[in-house]
Amino acid sequence: MKTPAFIATICALPVLVVSTHAAGAFYGDPPDATHPWAIHDMNRPQPPRVEPGTFSSQEKPGIPPSDAVILFDGTEAIVSKWQADKTPAEPTKWVVKDGTLQCVPGSGYIRTKEEFSDCQLHVEWSEPSDIQGTSQGRGNSGVFLMGQVEVQVLDNYNNPTYADGFAGAVYGVNPPMANALRKPGEWQVYDIIFRRPIYKDGQLLDTGYLTVFCNGVLLQDHTPLEGGGGHRTRHKDRPFPDVGPLKLQDHGNPVRYRNIWYRPLPKRAIDGGDTSVMSVEATAAKRAEIAKGIREAAAKLEGQEKLLHLLESLYYAQDDGAKKVATEMSDAFVAEVKAIPAAQLESKKADVLQVNTALQYLAKFKIAEFSAAAELQKIVKEREWDKKK
(Lines give C-alpha, C1' and ligand atoms only; values in the text may rest on other atoms or scores of the structure.)
Protein backbone atom coordinates (compact mmCIF):
# COMPACT_ATOMS: atom_id res chain seq x y z
CA MET A 1 0.00 0.00 0.00
CA LYS A 2 1.32 3.43 -0.90
CA THR A 3 1.94 5.75 2.04
CA PRO A 4 -0.37 8.84 1.88
CA ALA A 5 1.38 12.10 0.99
CA PHE A 6 0.52 13.84 4.29
CA ILE A 7 1.95 10.99 6.36
CA ALA A 8 4.98 10.81 4.10
CA THR A 9 5.71 14.44 4.86
CA ILE A 10 5.46 13.77 8.60
CA CYS A 11 7.63 10.64 8.35
CA ALA A 12 10.38 12.70 6.78
CA LEU A 13 10.61 14.68 10.04
CA PRO A 14 12.16 13.43 13.29
CA VAL A 15 9.36 12.41 15.65
CA LEU A 16 9.66 15.21 18.18
CA VAL A 17 11.08 17.98 16.05
CA VAL A 18 8.78 20.94 16.53
CA SER A 19 9.56 24.61 16.89
CA THR A 20 9.55 26.39 20.21
CA HIS A 21 6.07 27.63 19.35
CA ALA A 22 4.61 24.15 19.26
CA ALA A 23 6.92 22.52 21.80
CA GLY A 24 5.57 24.38 24.84
CA ALA A 25 2.00 24.76 23.63
CA PHE A 26 -1.21 23.10 24.86
CA TYR A 27 0.20 22.58 28.35
CA GLY A 28 -0.66 25.25 30.92
CA ASP A 29 -3.79 27.35 31.27
CA PRO A 30 -4.33 29.50 28.14
CA PRO A 31 -4.16 33.29 27.88
CA ASP A 32 -7.14 35.23 29.23
CA ALA A 33 -8.46 38.79 29.24
CA THR A 34 -5.59 40.22 31.30
CA HIS A 35 -2.83 37.64 30.72
CA PRO A 36 -1.50 37.59 27.15
CA TRP A 37 0.56 34.44 27.66
CA ALA A 38 -0.38 30.92 28.65
CA ILE A 39 1.05 29.43 31.82
CA HIS A 40 4.54 28.05 31.03
CA ASP A 41 4.35 29.71 27.60
CA MET A 42 7.40 29.16 25.38
CA ASN A 43 6.38 32.18 23.30
CA ARG A 44 6.98 34.45 26.26
CA PRO A 45 10.27 36.33 25.75
CA GLN A 46 13.31 34.84 27.44
CA PRO A 47 15.01 36.99 30.11
CA PRO A 48 18.08 38.78 28.72
CA ARG A 49 21.41 37.48 29.93
CA VAL A 50 23.13 39.71 32.51
CA GLU A 51 26.53 38.83 33.89
CA PRO A 52 26.34 39.48 37.64
CA GLY A 53 28.90 41.73 39.26
CA THR A 54 30.73 41.32 42.53
CA PHE A 55 30.13 42.64 46.03
CA SER A 56 32.14 45.51 47.43
CA SER A 57 34.46 45.30 50.41
CA GLN A 58 35.63 48.15 52.61
CA GLU A 59 38.90 48.15 50.68
CA LYS A 60 37.56 47.82 47.15
CA PRO A 61 34.34 48.61 45.29
CA GLY A 62 32.62 45.72 43.57
CA ILE A 63 32.11 45.21 39.86
CA PRO A 64 28.70 46.29 38.50
CA PRO A 65 26.52 43.86 36.52
CA SER A 66 27.15 43.76 32.78
CA ASP A 67 24.12 45.86 31.80
CA ALA A 68 24.71 48.63 34.34
CA VAL A 69 25.14 52.24 33.27
CA ILE A 70 28.21 53.52 35.12
CA LEU A 71 27.87 56.98 36.66
CA PHE A 72 31.02 56.97 38.79
CA ASP A 73 33.81 54.40 38.75
CA GLY A 74 36.56 56.23 40.59
CA THR A 75 38.27 57.75 37.55
CA GLU A 76 38.85 61.44 36.87
CA ALA A 77 37.45 61.13 33.35
CA ILE A 78 34.02 60.00 34.44
CA VAL A 79 33.43 63.26 36.29
CA SER A 80 32.56 64.59 32.83
CA LYS A 81 29.21 62.81 33.29
CA TRP A 82 28.38 65.21 36.13
CA GLN A 83 27.72 68.94 36.30
CA ALA A 84 26.93 71.66 38.78
CA ASP A 85 23.21 71.60 39.58
CA LYS A 86 22.43 75.33 39.59
CA THR A 87 24.83 76.16 36.74
CA PRO A 88 24.72 73.12 34.43
CA ALA A 89 27.02 74.74 31.89
CA GLU A 90 29.80 74.62 34.48
CA PRO A 91 31.67 71.53 35.63
CA THR A 92 31.14 70.40 39.18
CA LYS A 93 33.55 71.56 41.88
CA TRP A 94 33.34 68.23 43.66
CA VAL A 95 36.68 66.43 43.50
CA VAL A 96 37.91 62.93 42.78
CA LYS A 97 40.24 61.82 45.54
CA ASP A 98 41.64 58.29 46.02
CA GLY A 99 39.02 56.90 43.64
CA THR A 100 36.10 58.58 45.43
CA LEU A 101 33.82 61.46 44.51
CA GLN A 102 33.99 63.90 47.42
CA CYS A 103 31.66 66.77 48.21
CA VAL A 104 33.38 70.14 48.52
CA PRO A 105 31.29 71.98 51.12
CA GLY A 106 29.67 75.08 49.72
CA SER A 107 30.10 74.04 46.09
CA GLY A 108 26.44 73.06 45.66
CA TYR A 109 24.56 69.98 44.54
CA ILE A 110 25.80 68.03 41.55
CA ARG A 111 23.74 66.13 39.02
CA THR A 112 24.28 63.71 36.20
CA LYS A 113 24.09 64.95 32.63
CA GLU A 114 22.29 61.75 31.83
CA GLU A 115 18.59 61.62 32.71
CA PHE A 116 16.58 58.47 33.43
CA SER A 117 13.60 57.31 35.47
CA ASP A 118 12.63 53.85 36.76
CA CYS A 119 15.80 52.09 37.82
CA GLN A 120 17.81 49.92 40.13
CA LEU A 121 20.35 52.31 41.62
CA HIS A 122 23.54 51.40 43.48
CA VAL A 123 25.36 54.06 45.52
CA GLU A 124 28.13 53.69 48.09
CA TRP A 125 28.91 56.49 50.53
CA SER A 126 31.14 57.16 53.49
CA GLU A 127 31.00 59.70 56.32
CA PRO A 128 34.03 61.52 57.73
CA SER A 129 35.71 59.52 60.48
CA ASP A 130 36.37 62.85 62.22
CA ILE A 131 32.97 63.18 63.90
CA GLN A 132 31.58 66.69 64.04
CA GLY A 133 28.08 67.99 64.68
CA THR A 134 24.85 66.38 65.80
CA SER A 135 21.47 65.47 64.35
CA GLN A 136 21.11 66.87 60.80
CA GLY A 137 24.45 68.66 61.08
CA ARG A 138 26.52 65.49 61.06
CA GLY A 139 27.58 64.01 57.72
CA ASN A 140 24.50 65.25 55.86
CA SER A 141 23.99 64.63 52.15
CA GLY A 142 21.34 62.98 50.01
CA VAL A 143 20.63 60.92 46.92
CA PHE A 144 17.89 62.50 44.77
CA LEU A 145 16.16 60.18 42.29
CA MET A 146 15.24 62.11 39.13
CA GLY A 147 16.21 65.16 41.16
CA GLN A 148 12.79 64.90 42.81
CA VAL A 149 12.81 62.56 45.81
CA GLU A 150 15.56 62.15 48.40
CA VAL A 151 16.95 59.09 50.09
CA GLN A 152 18.71 60.64 53.07
CA VAL A 153 22.45 60.28 53.64
CA LEU A 154 23.43 61.03 57.25
CA ASP A 155 25.77 59.80 59.96
CA ASN A 156 23.31 58.16 62.35
CA TYR A 157 25.69 55.57 63.77
CA ASN A 158 25.28 57.07 67.24
CA ASN A 159 23.38 60.18 66.34
CA PRO A 160 19.61 60.50 66.88
CA THR A 161 17.57 62.82 64.67
CA TYR A 162 13.95 63.10 63.52
CA ALA A 163 12.90 59.72 62.17
CA ASP A 164 11.83 60.79 58.68
CA GLY A 165 15.21 62.48 58.23
CA PHE A 166 17.23 59.46 59.31
CA ALA A 167 19.77 57.80 56.99
CA GLY A 168 17.77 55.61 54.62
CA ALA A 169 14.59 57.67 55.04
CA VAL A 170 12.52 58.81 52.11
CA TYR A 171 13.15 62.30 53.39
CA GLY A 172 10.06 63.91 54.88
CA VAL A 173 7.94 60.89 53.96
CA ASN A 174 8.92 57.67 55.72
CA PRO A 175 11.59 56.63 58.25
CA PRO A 176 13.76 53.59 57.58
CA MET A 177 12.69 50.34 59.22
CA ALA A 178 16.11 49.91 60.82
CA ASN A 179 19.44 51.60 61.48
CA ALA A 180 21.86 49.38 59.55
CA LEU A 181 24.78 51.81 59.37
CA ARG A 182 28.40 50.94 59.84
CA LYS A 183 30.58 53.29 61.87
CA PRO A 184 31.79 56.61 60.38
CA GLY A 185 34.65 56.26 57.91
CA GLU A 186 33.40 52.90 56.64
CA TRP A 187 31.54 52.44 53.38
CA GLN A 188 27.77 52.22 53.39
CA VAL A 189 25.90 50.64 50.46
CA TYR A 190 22.51 51.72 49.16
CA ASP A 191 20.63 49.53 46.70
CA ILE A 192 17.48 51.30 45.59
CA ILE A 193 14.52 50.32 43.43
CA PHE A 194 12.79 53.43 42.12
CA ARG A 195 9.47 53.79 40.28
CA ARG A 196 8.21 57.24 39.31
CA PRO A 197 4.55 58.28 39.63
CA ILE A 198 2.32 57.54 36.63
CA TYR A 199 -0.39 59.96 35.55
CA LYS A 200 -2.72 59.74 32.57
CA ASP A 201 -5.02 62.54 31.49
CA GLY A 202 -4.35 64.25 34.80
CA GLN A 203 -5.38 61.21 36.84
CA LEU A 204 -3.02 59.43 39.23
CA LEU A 205 -2.60 55.78 38.24
CA ASP A 206 0.42 54.86 40.37
CA THR A 207 1.96 56.90 43.22
CA GLY A 208 5.46 55.70 42.49
CA TYR A 209 7.57 54.10 45.20
CA LEU A 210 11.00 53.36 46.61
CA THR A 211 12.50 50.18 47.96
CA VAL A 212 15.81 50.72 49.76
CA PHE A 213 18.42 48.34 51.14
CA CYS A 214 21.31 49.59 53.24
CA ASN A 215 24.24 47.22 53.68
CA GLY A 216 21.91 44.38 52.67
CA VAL A 217 19.20 45.32 55.20
CA LEU A 218 15.73 46.34 53.94
CA LEU A 219 14.91 49.89 55.03
CA GLN A 220 12.06 50.91 52.69
CA ASP A 221 9.57 48.35 51.42
CA HIS A 222 7.71 49.66 48.37
CA THR A 223 7.22 53.04 50.08
CA PRO A 224 4.82 55.40 48.22
CA LEU A 225 6.50 58.64 47.18
CA GLU A 226 3.75 61.05 48.28
CA GLY A 227 4.91 63.56 45.72
CA GLY A 228 8.57 63.25 46.65
CA GLY A 229 8.62 64.64 50.17
CA GLY A 230 10.82 67.51 51.24
CA HIS A 231 11.85 69.74 54.14
CA ARG A 232 9.21 70.90 56.65
CA THR A 233 6.31 70.72 54.21
CA ARG A 234 3.96 67.79 53.67
CA HIS A 235 3.81 67.13 49.95
CA LYS A 236 1.03 65.60 47.88
CA ASP A 237 1.12 63.26 44.92
CA ARG A 238 2.15 65.05 41.75
CA PRO A 239 3.41 64.19 38.28
CA PHE A 240 7.14 63.79 37.77
CA PRO A 241 8.86 64.49 34.45
CA ASP A 242 9.41 61.49 32.18
CA VAL A 243 13.13 61.48 33.02
CA GLY A 244 15.42 63.37 35.34
CA PRO A 245 19.01 63.41 36.63
CA LEU A 246 20.47 61.77 39.70
CA LYS A 247 21.49 64.49 42.15
CA LEU A 248 23.86 64.35 45.11
CA GLN A 249 23.42 66.92 47.84
CA ASP A 250 25.96 69.34 49.22
CA HIS A 251 24.81 70.00 52.81
CA GLY A 252 28.13 71.37 54.01
CA ASN A 253 29.77 68.06 54.93
CA PRO A 254 32.63 66.30 53.08
CA VAL A 255 30.75 63.06 52.35
CA ARG A 256 32.42 60.67 49.88
CA TYR A 257 30.81 58.52 47.17
CA ARG A 258 31.99 55.65 45.03
CA ASN A 259 30.72 52.89 42.72
CA ILE A 260 27.57 54.62 41.42
CA TRP A 261 25.60 52.83 38.71
CA TYR A 262 22.06 52.11 37.63
CA ARG A 263 20.10 49.60 35.58
CA PRO A 264 16.99 50.86 33.71
CA LEU A 265 13.86 48.92 34.67
CA PRO A 266 11.18 47.75 32.21
CA LYS A 267 7.91 49.61 32.14
CA ARG A 268 5.09 48.64 34.44
CA ALA A 269 1.87 47.35 32.89
CA ILE A 270 0.13 50.59 33.80
CA ASP A 271 2.77 52.44 31.77
CA GLY A 272 2.49 50.16 28.73
CA GLY A 273 4.93 47.45 29.75
CA ASP A 274 4.62 43.71 29.09
CA THR A 275 4.03 42.10 32.47
CA SER A 276 2.09 39.20 33.97
CA VAL A 277 -1.13 41.19 34.40
CA MET A 278 -2.03 43.80 31.79
CA SER A 279 -5.04 45.88 30.87
CA VAL A 280 -7.72 44.25 28.74
CA GLU A 281 -6.80 46.47 25.80
CA ALA A 282 -3.07 45.85 26.09
CA THR A 283 -3.63 42.12 26.53
CA ALA A 284 -5.78 41.90 23.40
CA ALA A 285 -3.14 43.78 21.40
CA LYS A 286 -0.33 41.57 22.69
CA ARG A 287 -2.29 38.37 21.98
CA ALA A 288 -2.98 39.54 18.44
CA GLU A 289 0.71 40.30 17.99
CA ILE A 290 1.76 36.83 19.21
CA ALA A 291 -0.87 35.10 17.04
CA LYS A 292 0.30 37.04 13.98
CA GLY A 293 3.90 35.95 14.56
CA ILE A 294 2.93 32.29 14.93
CA ARG A 295 0.84 32.39 11.75
CA GLU A 296 3.67 34.00 9.85
CA ALA A 297 5.92 31.17 11.04
CA ALA A 298 3.25 28.62 10.05
CA ALA A 299 3.21 29.98 6.50
CA LYS A 300 6.80 28.81 6.08
CA LEU A 301 6.12 25.29 7.39
CA GLU A 302 4.43 22.16 6.13
CA GLY A 303 2.68 19.11 7.52
CA GLN A 304 2.24 18.55 11.22
CA GLU A 305 4.37 21.51 12.28
CA LYS A 306 2.21 23.87 10.27
CA LEU A 307 -0.96 22.38 11.73
CA LEU A 308 0.31 22.70 15.30
CA HIS A 309 1.30 26.32 14.74
CA LEU A 310 -2.10 27.22 13.35
CA LEU A 311 -3.86 25.49 16.24
CA GLU A 312 -1.64 27.26 18.74
CA SER A 313 -2.28 30.66 17.17
CA LEU A 314 -6.00 30.27 17.84
CA TYR A 315 -5.66 30.44 21.60
CA TYR A 316 -4.05 33.84 21.33
CA ALA A 317 -6.50 35.27 18.80
CA GLN A 318 -9.23 33.79 16.63
CA ASP A 319 -8.88 34.00 12.87
CA ASP A 320 -11.31 32.50 10.37
CA GLY A 321 -8.63 31.85 7.77
CA ALA A 322 -6.32 30.08 10.19
CA LYS A 323 -9.18 27.99 11.57
CA LYS A 324 -10.32 26.97 8.08
CA VAL A 325 -6.85 25.75 7.11
CA ALA A 326 -6.40 24.03 10.48
CA THR A 327 -9.76 22.27 10.06
CA GLU A 328 -8.79 20.99 6.61
CA MET A 329 -5.39 19.85 7.82
CA SER A 330 -6.67 18.14 10.97
CA ASP A 331 -9.35 16.30 8.97
CA ALA A 332 -6.68 15.18 6.49
CA PHE A 333 -4.41 14.14 9.33
CA VAL A 334 -7.08 11.91 10.87
CA ALA A 335 -8.02 10.38 7.52
CA GLU A 336 -4.47 9.53 6.65
CA VAL A 337 -3.72 8.14 10.15
CA LYS A 338 -6.75 5.87 9.77
CA ALA A 339 -5.36 4.70 6.44
CA ILE A 340 -2.14 3.43 8.03
CA PRO A 341 -2.12 -0.33 8.66
CA ALA A 342 -2.61 -1.16 12.34
CA ALA A 343 0.79 -2.85 12.50
CA GLN A 344 2.50 0.40 11.46
CA LEU A 345 0.47 2.81 13.54
CA GLU A 346 2.55 2.43 16.70
CA SER A 347 5.44 4.21 15.01
CA LYS A 348 3.23 7.29 14.64
CA LYS A 349 2.17 7.39 18.29
CA ALA A 350 4.12 10.57 19.11
CA ASP A 351 2.66 12.46 16.14
CA VAL A 352 -0.90 11.34 16.90
CA LEU A 353 -0.62 12.21 20.60
CA GLN A 354 0.78 15.65 19.79
CA VAL A 355 -2.07 16.62 17.48
CA ASN A 356 -4.62 15.01 19.79
CA THR A 357 -3.28 17.01 22.75
CA ALA A 358 -3.69 20.23 20.76
CA LEU A 359 -7.26 19.47 19.67
CA GLN A 360 -8.37 18.32 23.14
CA TYR A 361 -6.78 21.40 24.73
CA LEU A 362 -8.65 23.76 22.43
CA ALA A 363 -11.91 21.92 23.14
CA LYS A 364 -11.34 21.80 26.92
CA PHE A 365 -10.88 25.56 27.18
CA LYS A 366 -13.68 26.26 24.66
CA ILE A 367 -11.26 27.99 22.30
CA ALA A 368 -12.15 26.08 19.13
CA GLU A 369 -13.99 22.88 18.18
CA PHE A 370 -12.74 20.54 15.46
CA SER A 371 -14.61 17.52 14.12
CA ALA A 372 -11.30 15.64 13.93
CA ALA A 373 -10.91 15.81 17.72
CA ALA A 374 -13.42 13.05 18.52
CA GLU A 375 -12.04 10.65 15.92
CA LEU A 376 -8.44 11.20 16.96
CA GLN A 377 -9.36 10.74 20.63
CA LYS A 378 -11.06 7.49 19.71
CA ILE A 379 -7.86 6.19 18.10
CA VAL A 380 -5.86 7.18 21.18
CA LYS A 381 -8.22 5.38 23.54
CA GLU A 382 -8.46 2.24 21.38
CA ARG A 383 -4.66 1.99 21.39
CA GLU A 384 -4.60 2.88 25.13
CA TRP A 385 -2.10 5.62 24.39
CA ASP A 386 -3.78 7.81 26.98
CA LYS A 387 -2.80 5.51 29.82
CA LYS A 388 0.42 6.04 31.73
CA LYS A 389 2.72 3.04 31.75
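**A walk through the predicted model**

Asn-179 touches Asn-156, Tyr-157 and Phe-166, leaving aside neighbours within four places in sequence. That is my starting point today. Bear in mind that this is a predicted model.

Where does Asn-179 sit? Its place is the loop between strand 8 and strand 9. Is Asn-179 buried, partly exposed or exposed? At 41% relative accessibility, Asn-179 counts as partly exposed. Now look back along the chain to Gly-168. Asn-179 and Gly-168 are eleven residues apart along the chain, and their C-alpha atoms are separated by 8.1 Å.

Next, Gln-152. This residue belongs to strand 8. Gln-152 has a relative accessibility of 1%, so it counts as buried; the cut-off for buried is under 20%. What is Gln-152 in contact with, beyond its neighbours within four places in sequence? The list includes Gln-136, Asn-140 and Ser-141. It also includes Gly-165, Phe-166, Ala-167, Gly-168 and Ala-169. Tyr-171, Tyr-190 and Gln-249 are in contact with Gln-152 too. Phe-166 should sound familiar: Asn-179 is in contact with Phe-166 as well.

On to the cores. In soluble globular proteins, nonpolar side chains tend to be buried together. Here, the largest nonpolar core has 42 residues. Which residues have the most contacts inside it? They are Leu-121, Leu-145, Tyr-190, Leu-210, Tyr-257 and Ile-260. Several strands each supply at least two residues of this core: strand 1 (69–72), strand 6, strand 7 (141–145), strand 8 (149–153), strand 9, strand 12 (209–214) and strand 15. Strand 6 gives the largest share, four residues.

Take Ile-260 as a case. Not counting residues up to four places away in sequence, Ile-260 touches Val-69, Ile-70, Leu-71 and Phe-72, among others. Its other contacts include Trp-82, Leu-121, His-122 and Val-123. Leu-246 and Leu-248 are also touched by Ile-260. Apart from the largest core lies another core, of 40 residues. Among its residues are Ala-25, Leu-307, Leu-308 and Ala-368.

Now the pockets. The largest pocket holds about 360 Å³ of space. Its lining has 21 residues. Which of them lie nearest the centre? Phe-55, Ser-56, His-122, Val-189 and Asp-191 do. Strand 6 (119–126), strand 9 (187–195) and strand 15 (256–264) each supply at least two lining residues. By class, the lining has seven nonpolar, ten polar and four charged residues. Note His-122: besides lying among the residues nearest the pocket centre, His-122 is touched by Ile-260.

The second largest pocket holds about 280 Å³. Its lining includes Phe-26, Tyr-27, Val-380 and Asp-386. Which element gives the most to this lining? Helix 7 (residues 349–364) does, with six residues. By class, the lining divides into six nonpolar, three polar and two charged residues.

Let us stay with helix 7. Its 16 residues should span 22 Å at 1.5 Å a residue, and its end C-alpha atoms are 22 Å apart, which agrees. Its buried residues are Asp-351, Val-352, Gln-354, Val-355, Asn-356, Ala-358, Leu-359, Tyr-361 and Leu-362. Asn-356 and Tyr-361 also line the second largest pocket. After helix 7 comes Lys-366, with a positive phi near 55°.

Helix 3 passes the length check too. This helix has 19 residues, 280–298. The expected span is 27 Å, and the end C-alpha atoms are 27 Å apart, which agrees. Which residues of helix 3 are buried? Thr-283, Lys-286, Arg-287, Ile-290, Ala-291, Ile-294, Arg-295 and Ala-298 are. In general, an α-helix has 3.6 residues a turn, so residues three or four places apart point the same way.

Ala-285 is also in helix 3. At 46% relative accessibility, Ala-285 counts as partly exposed. Ala-285 and Lys-338 are 53 residues apart in sequence, and their C-alpha atoms are 40 Å apart in space.

Last, two histidines. His-40 is not a glycine, yet its phi is positive, about 60°. His-40 lies in the loop between helix 2 (20–23) and strand 1. Its relative accessibility is 56%, so His-40 counts as exposed. His-222 also has a positive phi, about 55°, although it is not a glycine. His-222 is found in strand 13 (residues 217–224). With a relative accessible area of 43%, His-222 is partly exposed.

Terms used: Residues are numbered from 1 along each chain as its sequence is written. This is a predicted model: local features need pLDDT of at least 70, side-chain atom pairs count only at pLDDT 80 or more; totals for chains, interfaces and linings use all residues. Side-chain values use heavy atoms; hydrogens and water are left out. The expected span of a helix is 1.5 Å times one less than its number of residues. Buried means under 20% relative accessible area, exposed over 50%, partly exposed in between (1.4 Å probe, protein chains only). On a 1 Å grid over the protein atoms alone, a cavity is a set of points where a 1.4 Å probe fits but cannot get out, and a pocket is an open set with protein on both sides within 12 Å along at least five of seven lines; lining residues have an atom within 4 Å of a point. Grid points are joined across faces, edges and corners, and a volume is the space filled by probe spheres set on the points. Ala, Val, Leu, Ile, Met, Phe, Trp, Tyr, Cys and Pro count as nonpolar, Asp, Glu, Lys and Arg as charged, and the others, Gly among them, as polar. A nonpolar core is a set of buried Ala, Val, Leu, Ile, Met, Phe, Trp, Tyr and Cys residues joined through side-chain atoms within 4.5 Å. Contact means heavy atoms within 4.5 Å.
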